[in-house]
Structure formats: structure tokens, C-alpha cells
Amino acid sequence: MTVTLAQMKNELKRAEKKNNEIRGRISYYLTVGGYSKQELADQLGVCIATLYNKLKRPETFTLEEMRRLKLILKLTDSQLLEMI
């Protein structure tokens, strides 16, 4: 099966929309939890620049980081799954 340029563009748009949604949800839960991005980075065990890179490209979060994110932000399984 050949993928057309239009299909690739649509997939990239869908992925960027999902990334924006993930960034928004993380920001929301940070605000609700009273955490700064620096505090989140510290608790995840990454530097702030790495956190910003991961927020820019959420697909780069590791499974372990997602597990920590769930604990830090006190997310339910459902809330975490909604993000991904």
C-alpha cells in the first residue's frame, strides 16, 4: 500500500493535534496540583530543558516517566490513558 502525500500531511496534523492536547492536559494538571514545570522536572529526574523538549514532543516520554507523571500529578489510570 502506498501512502500519499495528503495522507502523510493528515497524519502529521493529527499527531500535532494530539501533542497539543497532551501538553494542555499536563499544564492543566500542573496548575491544579500547584506544581511548576521546574518542580515537575526535578521529580521526574530530568533537567528543565529536557522537560521542555519532552513537552514539545510528548512521544519522547518514556514509560517510566509516564508512570512517574501519573504519581506526581495524582492522575487516575483513566486520566493518564486519555492523554495517550
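**Notebook: helix α4 and its surroundings**

I began with the packing of α4: its buried residues pack against α1 (5-33), α2 (37-44), α3 (48-56) and α5 (77-83). I note here that the model is predicted.

**Entry: overall layout**

I listed the secondary structure and found five helices and zero strands. Read from the N terminus, the order of elements is α-α-α-α-α. The C-alpha trace spans about 45 × 30 × 20 Å along its principal axes. I then looked up burial for the chain: of its 84 residues, 26% are buried. The exposed area of the chain comes to about 5900 Å², and carbon and sulfur atoms supply 57% of that area. For contacts with a separation of 6 or more, I noted that 46% are between residues 24 or more positions apart.

**Entry: helix α4**

Which residues of α4 are buried? I found Glu-65, Met-66, Leu-69 and Ile-72 on the list for this helix, which covers residues 63-72. These residues lie on the same side of α4, because they cover an arc of only 125° around the axis. I checked the face turned away from the buried side and found the exposed residues Leu-63 and Leu-71 there. I also looked past the end of the helix: α4 is followed by Lys-74, which has a positive phi near 55°.

**Entry: Glu-65 and Lys-54**

I went back to Glu-65, since a charged name on the buried list of α4 called for a second look. Glu-65 counts as buried because its relative accessibility is 9%, and the cut-off is under 20%. Leaving out residues up to four places away in sequence, Glu-65 touches Leu-44, Val-46, Lys-54 and Thr-60.

I followed the contact to Lys-54, which is in helix α3. Is Lys-54 buried or exposed? Lys-54 has a relative accessibility of 11%, so I entered it as buried. The side chains of Lys-54 and Glu-65 make a polar contact at 3.0 Å. With Glu-65 in α4 and Lys-54 in α3, I logged this pair under both helices. I found a further item for the lysine: the charged end of Lys-54 sits over the ring of Phe-61, 5.8 Å from the ring centre. With the same exclusion of residues up to four places away, Lys-54 touches Thr-60, Phe-61, Thr-62 and Glu-65. I noted that Thr-60 is on the contact list of Lys-54 and on that of Glu-65.

**Entry: helix α2**

I turned to α2, and its buried residues are Leu-40, Ala-41 and Leu-44. They line one face of the helix, because they fall within an arc of 100° when seen down the axis of α2. I looked up their partners and found that the buried residues of α2 pack against α1, α3 and α4. Leu-44 had already come up in my notes as a contact of Glu-65. Just after α2, I found Gly-45 with a positive phi of about 80°.

**Entry: aromatic pairs**

How many aromatic pairs are there? I counted one aromatic pair. It is the pair of Tyr-28 and Tyr-29, with ring centres 5.2 Å apart and planes at 70°, so I logged it as edge-to-face; planes over 60 degrees apart count as such. I also checked Tyr-29 for burial: Tyr-29 counts as buried because its relative accessibility is 11%.

How values were computed: Residues are numbered from 1 along each chain as its sequence is written. Side-chain values use heavy atoms; hydrogens and water are left out. Buried means under 20% relative accessible area, exposed over 50%, partly exposed in between (1.4 Å probe, protein chains only). Helices (H or I, at least four residues) and strands (E, at least two) are DSSP runs, numbered from the N terminus. The arc is that of the directions from the helix axis to the C-beta atoms. Contact means heavy atoms within 4.5 Å. Rings of Phe, Tyr and Trp (its six-membered ring) pair if their centres lie within 6.5 Å; planes under 30 degrees apart count as stacked, over 60 as edge-to-face and the rest as tilted. A charge sits over a ring if NZ of Lys or CZ of Arg is within 6 Å of the ring centre and within 35 degrees of the ring normal. A polar contact is a pair of N or O atoms within 3.5 Å; within protein, one must be able to donate a hydrogen and the other to accept it, and residues adjacent in sequence count only if both atoms are side-chain atoms. Accessible areas come from the Shrake-Rupley method with a 1.4 Å probe; for residues, only the protein chains shown count as cover.
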